[in-house]
Amino acid sequence: MNTIVRTAISLADVNHHYPGVIQPSLTGFDFSVERGATIALIGPSGAGKSTLLALLDGRLRNWNGAVSVLGNSLDAHTAPSRTDRAKTGFIFQEFALVERASVARNVMNGRLGHTGPVASLFGRFSQLDYDAVDEAIEDAGIAELADKRVDSLSGGQRQRVAIARCLAQEPELLLADEPISNLDPLSAEKTLKLLTQIRQKRDMTLVFSSHQPDLAKRFADRIIGIRAGAMAFDTCASDFTAEMYQDVYGTEAVADNALRLVG
Ligand SMILES: Nc1ncnc2c1ncn2[C@@H]1O[C@H](COP(=O)(O)OP(=O)(O)OP(=O)(O)O)[C@@H](O)[C@H]1O
Ligand SMILES: [Mg+2]
């Protein structure tokens, strides 16, 4: 029988230490995420957001516990197979684009998980690859930029290229590490709106980290607060309060942000 796995992510008692670091980076992480959900991770610098995202992306080694992503159990000591890796897309904070290449070429790099490095080196892309790139560029709203070089683009436009590159991979799970931290307020909002629209259109699961509680509340279904490597709360976005925000970030420094949540 073909059972459809409705759980995108499941973590049971996950712990992790970076080698040589006394403080654990992840302690006792236990949660699961349904397919199709949008999850925001919030928490101060050093809390463990990027570490958790690297774990979900299959890049973290030597953790304890049980982790399952898109129905596949991750191994603490070996990287997932290329096929499994291609199912998860990652948008890096600093975009990680090839500056001197065109937008279209950067987006085509998202197909590497499907074509393999040798085929791509010789430019052997299939019609399927070109179609995936066209659709990704369309979904990211950058059709008019396709032939431009990345080093001629603004921060907001680069962010869309990074999103398109990720979409070309046709992932089922999209992970984004602070995707809006380098953007002005309007571009930040537009980017999250775009990501959540794309999530819906492509029926993906989306997990992003952010320091902006008001946008997390608006665009995520659920918010997980992380403090010093541990889960501080896991709440439905509509129940997210200024107190929860202050609980992870501390009370004084964040009064303005916390106040924005109240309204
Ligand atoms: N490669 C590494 N080697 C050793 N320690 C690390 C490494 N990467 C992160 N850490 C430590 O692990 C902890 C969690 O870091 P992480 O980068 O996950 O935090 P974060 O929540 O993403 O912070 P930020 O908001 O600044 O991005 C921190 O104490 C950090 O110093
Ligand atoms: Mg980080």
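Axes are lines fitted to C-alpha atoms, for helices over the stretch in contact, and angles run from 0 to 180 degrees between N-to-C directions. This is a predicted model, in which local features need pLDDT of at least 70, side-chain atom pairs count only at pLDDT 80 or more, and totals for chains, interfaces and linings use all residues. Residues are numbered from 1 along each chain as its sequence is written, while chains are lettered from A and ligands numbered from 1 in the order in which they are written.

Helices (H or I, at least four residues) and strands (E, at least two) are DSSP runs, numbered from the N terminus. Helix H7 (residues 155-168) packs against helix H8 (residues 185-202) at an angle of about 15°, and their axes are 11 Å apart. The two helices are therefore roughly parallel to each other, a term used for angles under 35 degrees. On the side of H7, the contact (C-beta atoms, placed from the backbone, within 7 Å) is made by Gly156, Gln159, Ile163 and Leu167, and on the side of H8 by Ser187, Thr191, Leu194, Leu195 and Ile198. These contact residues divide into five nonpolar, four polar and no charged, where Ala, Val, Leu, Ile, Met, Phe, Trp, Tyr, Cys and Pro count as nonpolar, Asp, Glu, Lys and Arg as charged, and the others, Gly among them, as polar.

Around ligand 1, with C-beta atoms placed from the backbone and lying within 6 Å of it, are Tyr18, Val21, Ser25, Gly43, Ser45, Gly46, Ala47, Gly48, Lys49, Ser50 and Thr51. This shell comprises three nonpolar, seven polar and one charged residue.

Helix H1 (residues 49-56) is mostly covered, since six of its eight residues are buried, that is, have 20 or more other C-beta atoms, placed from the backbone, within 10 Å of their own, whereas 12 or fewer make a residue exposed and counts in between make it partly exposed. Those buried residues are Lys49, Thr51, Leu52, Leu53, Leu55 and Leu56.

Positive phi values occur at several places, as tabulated here.

| Residue | Phi | Place |
|---|---|---|
| Asp13 | about 45° | strand E1 (residues 7-16) |
| Gly58 | near 75° | follows H1 |
| Leu70 | near 55° | loop between strand E4 (63-69) and strand E5 (72-73) |

Asp13 has its positive phi although it is not a glycine, and Leu70 is likewise a residue other than glycine. Asp13 is exposed, with 11 other C-beta atoms within 10 Å, while Leu70, with 18 C-beta neighbours inside 10 Å, counts as partly exposed.

Key: Angles under 35 degrees count as roughly parallel, over 145 as roughly antiparallel, 65 to 115 as roughly perpendicular and the rest as oblique. Two residues are in contact if their C-beta atoms, placed from the backbone, lie within 7 Å.
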